[in-house]
Amino acid sequence: MRLMFAVLIALVPSLCLAKAPAPNTNGPTVNLPQSMQDSSGNNWMVYQQGWFQMQGNNPIYGQSAQLMINNNQPNNRGGGGNRAHIDEKTGELIFEFNNQGLNITRRVLMDKKDGYIRYIEIVKNSRPNEQTVNLQITSNLNFGVNTAEIVPDPHKHDHNLAWIAASDGPSCAVEIYASKNAKVTPSIDWQPGNNTVTAVYPLTVPAGKSAAILHLHMLSSTSDAGVKYVESMKEAKVIADVPLEIRKMLVNFVSTNGMAGDFEVLRGDILDVVELRGGDQYKGTLQEPTFKLDTFYGKIELPAERVVGLINVGDFHPRQLIITSEGEIFGGHLATDSLHLQLSSGQVTSIPLSQVSRMGFRKRPGEPEEWTLTKPMVLLRTGDRVQIDLPTQPISVATRYGKLTLDPKTVSSLILAAEDSGVHEIILADGSKFAGLVDGDSFDMILIGGKEEVKFPANAVARIQFSPPNDPDADAPTMDLVNGDKLVGQLTGEFKLDTSFDTLTINGAEVKRLAHPDPAGLDVQITLWDDSTCSGQLEQPDVPMKLNSGVTLTIPAALIAEYTQPEPTPSPAMIARITALVTSLGAEDYKQREQAETDLTAMGPSVARILRDLKPTQSPEAQQRIDTVLKGLEKKSSAASH
């Protein structure tokens with residue numbers, strides 16, 4: 001995994017702008033431990049190495065936020081284990097360590113209002129080669145944990161954001177390890193009955209580069225309150241005071257607001273503001289009704305009520321970036337050569353555009369705290385981010401599985417600037433990901449709202465997003481291929497398997513698993529819906545597959561690494577038997593109903609899909625019994641997986 005070193009790098013490439021001034025790590029020193037109090041009067045004590053514990057009546061946290069790098073405790077840089085620096089600008093406690101060619105900086109801050117202690121771990125690779133790092137955070141509670149839950153990312157269910165524990169103490173512990181939509185999230189290890197939790201972040205840090213991890217520790221009155229806080233957390237607020245240079249290093253905390261590539265968007269509180277290149281700021285009311293921009297993909301006109309800010313990029317032939325209230329970024333050259341600002345005295349002054357560094361409108365009522373960036377949009381290599389209407393024309397893609405014609409409604413995104421690859425990456429709405437080449441030298445699009453028509457050169461496009469990415473459901477059938485592609489869908493049709501003694505006809509829908517016992521060999525092993533296994537060679541060189549998005553592909557058998565279908569379709573004879581038993585769930589004879597329920601449960605998890613399909617047409621009692629069977633099958637499946 002290669003780290004991305006800009007807050008919005010998942011959506012937009014860096015604008016290659018000048019670096020912000022480095023944060024202060026050489027401020028005054030203080031003796032440890034340091035006491036920090038939140039607004040509720042809780043006392044948080046920070047000790048050597050930067051770990052903390054609470055003191056007072058029934059403190060929840062014991063020795064917590066302990067840092068390990070590759071299973072080793074980092075060494076204090078230059079000694080001084082009983083002392084730490086203070087950043088005079090941010091008020092953070094700063095600890096500096098080294099470990100096997102890594103320089104580590106811990107920045108610790110108490111947010112009194114929200115009652116959390118915030119940590120930022122900065123890892124710099126000082127070696128000439130890339131390093132893989134396991135960064136480990138461990139916390140201990142002073143009370144035994146009765147129940148605990150891990151909060152997943154609502155958009156990526158296999159990414160974990162937080163751990164919340166209810167104990168015998170007066171409050172619940174809340175450990176927040178990542179934000180929604182983060183690229184890097186940790187594995188969280190907690191054993192029932194234990195009062196220790198550990199989060200491990202896997203990082204790959206290129207030579208001479210840095211990456212940063214942010215985590216929060218706090219209390220909540222109940223587990224539900226803790227979950228609600230995590231799910232509604234405003235990432236922009238959490239990192240608002242983080243120095244820009246560090247904000248760009250964060251790999252587990254993403255905020256879409258306030259940034260345009262590497263530049264921070266300037267905003268006014270009660271007045272509009274214009275910042276000059278020399279640092280002066282003029283405040284008042286901007287008089288521009290619209291902003292007309294000449295871009296390489298067309299002429300754009302934006303009403304002032306849609307604009308939140310402007311940034312001048314470049315010294316010799318400046319290019320203007322216009323940022324909108326929905327997070328769009330338009331880059332080009334304004335039709336005007338000056339901005340008109342009415343000062344608080346009433347005087348209107350014209351400020352030459354060449355003298356402007358940034359401009360920002362005052363914050364408007366009802367303005368969103370976060371840009372969701374979920375609408376269809378084009379992201380350019382220049383950093384532009386432009387919302388579009390969903391195209392109606394199909395998309396033609398050349399793939400290893402043949403030429404595909406895709407409905408834009410079935411596509412999540414097209415990545416034309418795939419990292420370390422000369423081909424494009426196609427991500428479908430069902431979670432399928434595969435390599436290919438999108439046809440066309442340009443893309444004709446209509447800006448959102450159906451106004452301007454623009455043409456984007458294909459070589460200028462980094463990514464086209466049609467819908468937010470979705471991870472496949474846990475029970476979705478998936479196929480992993482040796483070339484790194486991942487397909488979400490089910491085998492279809494019939495194919496022949498030559499075994500050592502016979503040729504078997506296999507129904508694709510009945511296959512539970514298909515894989516090569518020897519990755520370099522031609523033999524395959526197939527597990528059927530009833531857990532029968534058979535090995536041999538496929539007579540056909542490929543197998544048909546229908547993706548959940550509706551796209552049908554022909555997959556070369558030699559490319560299949562593993563296919564799994566958690567809920568394969570039983571054979572026609574078994575479906576007939578299941579249907580008969582479901583009918584008996586509504587029989588007049590009580591014993592017949594009980595026996596049918598017992599028989600269905602005994603068939604195992606493979607009948608669950610058929611039961612769900614049959615349920616809507618059954619009597620109320622039969623539906624209730626089907627629910628009981630499904631719950632029992634779910635427990636069986638869960639027990640088998642553990």
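**Salt bridges, a hairpin and a helix**

Lysine 403 is exposed, with a relative accessibility of 55%; the cut-off for that label is over 50%. Keep in mind from the start that we are looking at a predicted model. Lysine 403 makes a good way in, because its exposed side chain also has a partner. That partner is aspartate 439: the two form a salt bridge, with 2.6 Å between the closest N and O atoms. The pair ties together distant parts of the chain, with lysine 403 in strand S33 (residues 402-406) and aspartate 439 in the loop between S36 and strand S37 (442-446), 36 residues apart. Aspartate 439 has a relative accessible area of 35%, so it counts as partly exposed, the class between 20% and 50%.

From that loop, step back into S36 itself. Strand S36 covers residues 433-438, and its residues sort into two faces: Phe434, Gly436 and Val438 are on the covered one, while Lys433, Ala435 and Leu437 are on the uncovered one. Which strands does S36 pair with in the antiparallel sense? One of them is S32 (residues 395-399), joined to S36 over 3 bridges, and another is S35 (residues 424-428), joined over 4 bridges. On the S32 side, you can pick out alanine 398, whose bridge partner in S36 is leucine 437. Leucine 437 belongs to the uncovered face of S36. On the S35 side, isoleucine 427 stands opposite lysine 433, another residue of that uncovered face. Strands S35 and S36 make a hairpin with 4 residues between them, and here glycine 431 takes a positive phi near 100 degrees.

Back to salt bridges, of which the count comes to 26. Take the one between glutamate 328 and arginine 306, whose side chains meet at 2.4 Å, N to O. This pair also links distant parts of the chain: glutamate 328 is in the loop between strands S25 (319-324) and S26 (329-334), arginine 306 is in the loop between strands S23 (298-303) and S24 (307-313), and 22 residues separate them. Is glutamate 328 buried or exposed? Its relative accessibility is 2%, so it counts as buried, given a limit of under 20%. Arginine 306, on the other hand, has a relative accessible area of 27%, which means that it is partly exposed.

Now try the salt bridge of aspartate 294 and lysine 299, where the closest N and O atoms are 3.8 Å apart. A cut-off helps here, because a salt bridge requires the nitrogen to be within 4 Å of the carboxyl oxygen. Aspartate 294 is partly exposed at 40% relative accessible area, and lysine 299 is exposed at 63%. Salt bridges can also join up into a network, as they do among Asp87, Glu92, Arg107, Arg118 and Asp241.

Next, look for aspartate 272 in strand S20 (residues 272-276). With a relative accessible area of 3%, it is buried. Which residues does aspartate 272 touch, leaving aside those up to four places away in sequence? They are Tyr282, Lys283, Gly284, Thr285, Leu286, Gly360, Phe361 and Arg362. Leucine 293 is 21 residues from aspartate 272 along the chain, and their C-alpha atoms are separated by 20 Å. Tyrosine 282, one of those contacts, also gives a sense of scale: its C-alpha atom is 72 Å from that of glycine 521, which is 239 residues away along the chain. Glycine 521 lies in the loop between strands S44 (511-515) and S45 (524-528) and is partly exposed at 24%.

For a change from strands, there is helix H4, residues 572-584. Its 13 residues should span 18 Å at 1.5 Å a residue, and the end C-alpha atoms are 19 Å apart, so the two agree. The buried residues of H4 are Met574, Ile578, Leu581, Val582 and Ser584. They cover an arc of only 155 degrees around the axis, so they are on the same side of the helix. Over on the other side, Pro572, Ala573, Ala576 and Thr583 are exposed.

Finally, a word on confidence. The mean pLDDT of the protein is 89, and 93% of the residues reach 70 or more. Among the elements, strand S14 (residues 172-176) has the highest mean, 97, and strand S18 (residues 259-260) the lowest, 72. Over residues 1-23 the pLDDT is below 50, and this stretch has 66 contacts in the model beyond near neighbours in sequence.

Key:
Residues numbered from 1 in each chain as written. Predicted model: local features only at pLDDT ≥ 70, side-chain atom pairs only at ≥ 80, totals over all residues. Heavy atoms only, no water. Expected span 1.5 Å × (residues − 1). Buried < 20%, exposed > 50% of the residue type's maximum accessible area, 1.4 Å probe, protein only. Arc of directions from axis to C-beta. Pairing = 2+ DSSP bridges. pLDDT = per-residue confidence, 0-100. Contact = heavy atoms within 4.5 Å.
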